[in-house]
Amino acid sequence: MSTEYKQAIESAVQEGKLSTDSAENVGRLMRESNSEPRVGESVRELVRAGEWGELNDRFFRTLAFGTGGLRGRTIGKVVTKAEMGNPTPLGRPEFPAVGTNCMNEGNVARATQGLVNYLKKSFPGQAPRVVFAHDTRFFSREFAELAARTVAAAGGTAYLFESDRSTPELSFAVRYLGAQAGVEVTASHNPSHDNGYKAYFSDGAQIVEPHASGIIREVEAVKEPNLNPQPQGEGKVESIGVEVDEQYLLGLRELILEEEVLRREGKTLKVVFSPLHGTGVRIVPTVLARAGVDVLLVKEQEKGDGRFPTVKSPNPENGEALAMGIELAKKEKGDMVLATDPDGDRMGVALRNRAGEYELITGNQIGSLLAAYRIDRMRAKGWIQPGQEKSCCLIKTFVTTDLQKEIAGSVGMKCVETLTGFKYIGEKLGIYEKQAGGRGGMGAEEWRKRRIEKSTFFVFGGEESYGYSGGDFVRDKDANGAVLMFVEAAAWAKSQGRNLLEEMDEIYRKHGLYLEKLGTLEMPGAEGAREIARAVESYQSRPPKEWGGRKVIGVIDFEKGCHRDVEGQEIPKERMLIFDLGEGFRVAVRASGTEPKMKCYFFGKRKVGATEDLGRAKQELAGELDELWSWTRADAEKRAKGDLR
C-alpha cells in the first residue's frame with residue numbers, strides 16, 4: 001500500500017473514524033493479497049471516498065467460524081467498481097465483497113482448509129470425504145465449487161450437488177454417502193446481501209462439541225488459504241443429484257402416518273406453495289404429488305433468484321413473504337399457503353378460516369399442531385402402545401412454547417429441552433441411534449420398535465423459529481418434511497369435519513392458552529455488535545428486579561453453573577437468560593448467533609374454560625405480552641448504550 005493510503009488510514013484512526021483493529025486487518029489483507037489486484041483496488045477506492053464506516057464494517061474483525069460455521073455480507077453496503085466488474089444478468093457484482101469480515105473466497109477457502117485439517121486428524125489414515133450443497137443465493141455456487149476443490153486438493157473426495165439443494169437434503173446425504181462431513185452454502189433466510197457456510201459432521205448434524213472447538217482452532221490456524229486449489233493425488237470432485245434425491249424422497253415417505261386419509265382428502269385440498277425463490281421447488285411439489293396432493297405453485301416465486309425480488313426478506317416467519325401466495329389462494333380458494341425459505345429448512349403457514357380469510361399462524365402454533373397430531377395418531381394406530389409413552393420423546397428448544405411440553409406430558413411422554421439451535425436436537429437423535437445399536441438395513445416399523453425397546457423413539461421436534469422434524473433420517477430442521485406432515489394433518493382434520501385453526505383452538509381449550517411473542521433489536525455493524533454484547537451482559541450482571549410491572553421471581557443463567565436436561569445430559573454453556581415472572585409468564589434474552597440482533601422471547605399462559613370467549617382471551621393475553629415487549633425494548637436500548645440510571 002502506498003504511503004498516501006497508509007497516511008490516510010493512520011489519520012482516520014487518530015480521528016476516531018477507523019478502529020485500530022480495522023486498520024490492522026486492512027494492512028494484513030493487503031500484504032496477503034498481492035496476487036489479487038481487485039482486493040487492493042477495492043480498499044483504495046473506499047479510502048479515497050472516505051467510506052470509513054464501510055471499512056469498519058468490513059474489517060473490524062475476521063469473520064469468525066462459529067459453532068455453526070460462517071455468515072456475513074457477501075455484497076457490501078457500498079459496492080466498489082473493482083467488485084462490480086462485469087455484473088451478472090441479475091445485476092449481481094462479479095466478485096464478492098472484499099474484507100476480513102465479509103463472506104468471500106478467502107473466508108470460504110480458510111474455513112474449508114481448516115475443516116479438512118480437522119478431518120485428517122479425526123479420521124487418521126482416511127482421505128477426507130465431504131458433501132457440498134448450496135442454495136440459490138448470490139455466489140453460493142462459486143463458494144461451493146471452491147470448497148469442493150479445496151477438499152480435492154487435499155487428496156479427498158468432494159461430493160457436490162449438480163445444482164441447488166436444501167439443507168435437510170444435505171444433512172441426509174452426509175449419512176447416506178458415508179461422508180465425514182458436509183457443508184451447505186447458505187445464509188438461510190437472511191437478506192439477499194448475505195451468505196454463509198453451515199458445517200455438518202459425519203452424523204449429519206451441525207457440529208457440536210468437542211468437534212466445534214477443534215474445527216474452529218484449525219480454521220483460525222489457516223493464515224493464507226489457497227484461492228485456486230487443484231485436485232491432488234486421488235482427489236476428485238464427484239457430481240451428485242438424482243440418486244440422492246430419490247433416497248431422500250423415500251425417507252420423507254416414512255413421515256406419513258395416515259396414508260389413505262392423505263390420498264383421499266388430499267385430492268380435495270387446495271395447497272398453495274412458494275419456495276420464495278429457493279430450493280424448496282426441488283422436492284416439495286414431487287413429494288406432495290407422490291402422496292396424491294395437487295400443488296398450486298406461486299409462479300412468480302418458483303425460480304431460483306438470489307435477489308429474492310418479490311419479497312422484502314425471504315423469511316417465511318414474516319407475513320409479507322407469504323403475501324403473493326395468499327393472493328393466489330384468494331383467487332383459487334386455497335385451503336392453505338405454505339412457504340419455505342431459500343435453503344428449505346423453515347416453513348411458514350397461512351390458513352383459510354370459515355369466513356374465507358387467511359390467518360398467519362406462528363412457528364409455535366405450527367409445531368404444536370404437528371406435535372399433537374403425530375402423538376395422537378401414533379397412539380391411535382398402535383405405533384405407540386399404552387405404557388410405551390415413557391420410551392418416546394418430543395424435543396424442543398427452551399425458547400419454544402411450553403404448550404408442547406404440556407401436550408407431551410399429558411400422555412406421559414417426556415419433553416427434552418435444548419439450547420437454541422437445531423444442532424442440539426440433531427445431537428440427541430445421534431445419541432438415541434447409538435443407544436439402539438444403529439438402524440442398518442431395518443425398515444421403518446422395525447426401527448421404530450427397536451428404538452422404543454432399546455432407546456428413545458423420537459416422535460417430533462421443533463423450534464419456535466419455524467423449524468420442525470418428524471424423523472431421524474435428517475438431523476436438521478426440514479421444511480420439505482414439514483410441508484408433507486402439515487398437509488397430512490390438514491387432511492386428517494378435514495376428514496373429521498374441521499380445519500387446523502379449529503384444531504388449534506381445541507388444543508388451547510384442552511391444555512390451556514399459551515401465547516408467545518418475539519421482540520428483536522437489530523444493531524448492525526461494528527458498533528452494533530458491541531451494543532448487543534453490552535446489553536446482554538448487563539442483563540446478566542445487573543438483572544432487573546421487576547420486569548414491566550411484574551416481579552422477577554427467578555433467573556436461569558445458562559452461562560453460569562451446571563444445567564442438565566431431563567435425561568441428565570449437561571447443557572452447554574451459552575449467554576442466554578430466562579427470567580421467571582410468575583403465573584406462567586417468562587422472558588428469555590439472548591444474542592442471535594446468525595444475525596446482528598438481540599432477541600427477546602415472551603411467554604404467557606392462562607386457563608380457558610369450555611365456554612369462555614377464546615378470541616377475547618387471546619386478545620387480552622397478547623396485549624399483556626405487547627406491554628412486556630414495550631417495556632423491554634426501552635430498557636434494552638438503554639442497556640445497549642450503557643445507560644442504567
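**Exercise 1. Find how many bridges join strand 12 to strand 14, and place both in their sheet.**

Step 1: Strand 12 (residues 392-397) and strand 14 (residues 457-463) run parallel, and five bridges join them. Strands here are DSSP runs of E with at least two residues, numbered from the N terminus, and two strands pair if DSSP finds at least two bridges between them. The model is predicted: local features need pLDDT of at least 70, side-chain atom pairs count only at pLDDT 80 or more, and totals for chains, interfaces and linings use all residues. Residues are numbered from 1 along each chain as its sequence is written, and side-chain values use heavy atoms, leaving out hydrogens and water.

Step 2: Look across from Cys393 and you meet Phe458 in strand 14.

Step 3: Now widen the view: four strands form an open sheet with mixed pairing, in the order 13-12-14-15. Strand 13 (414-418) and strand 15 (467-469) are the edges, each pairing on one side only.

**Exercise 2. Check the span of helix 20 (residues 525-541).**

Step 1: Helices are DSSP runs of H or I with at least four residues. The expected span is 1.5 Å times one less than the number of residues.

Step 2: For 17 residues this gives 24 Å, and the end C-alpha atoms are 24 Å apart, so the two agree.

**Exercise 3. Which residues have the most contacts inside the largest nonpolar core?**

Step 1: Such a core joins buried (under 20% relative accessible area, 1.4 Å probe, protein chains only) Ala, Val, Leu, Ile, Met, Phe, Trp, Tyr and Cys residues through side-chain atoms within 4.5 Å.

Step 2: The largest has 107 residues, with Leu338, Met347, Phe486, Val487, Trp547 and Met598 having the most contacts inside it. Helix 18 (residues 479-495) gives the most, 12 residues.

Notes: Buried < 20%, exposed > 50% of the residue type's maximum accessible area, 1.4 Å probe, protein only.
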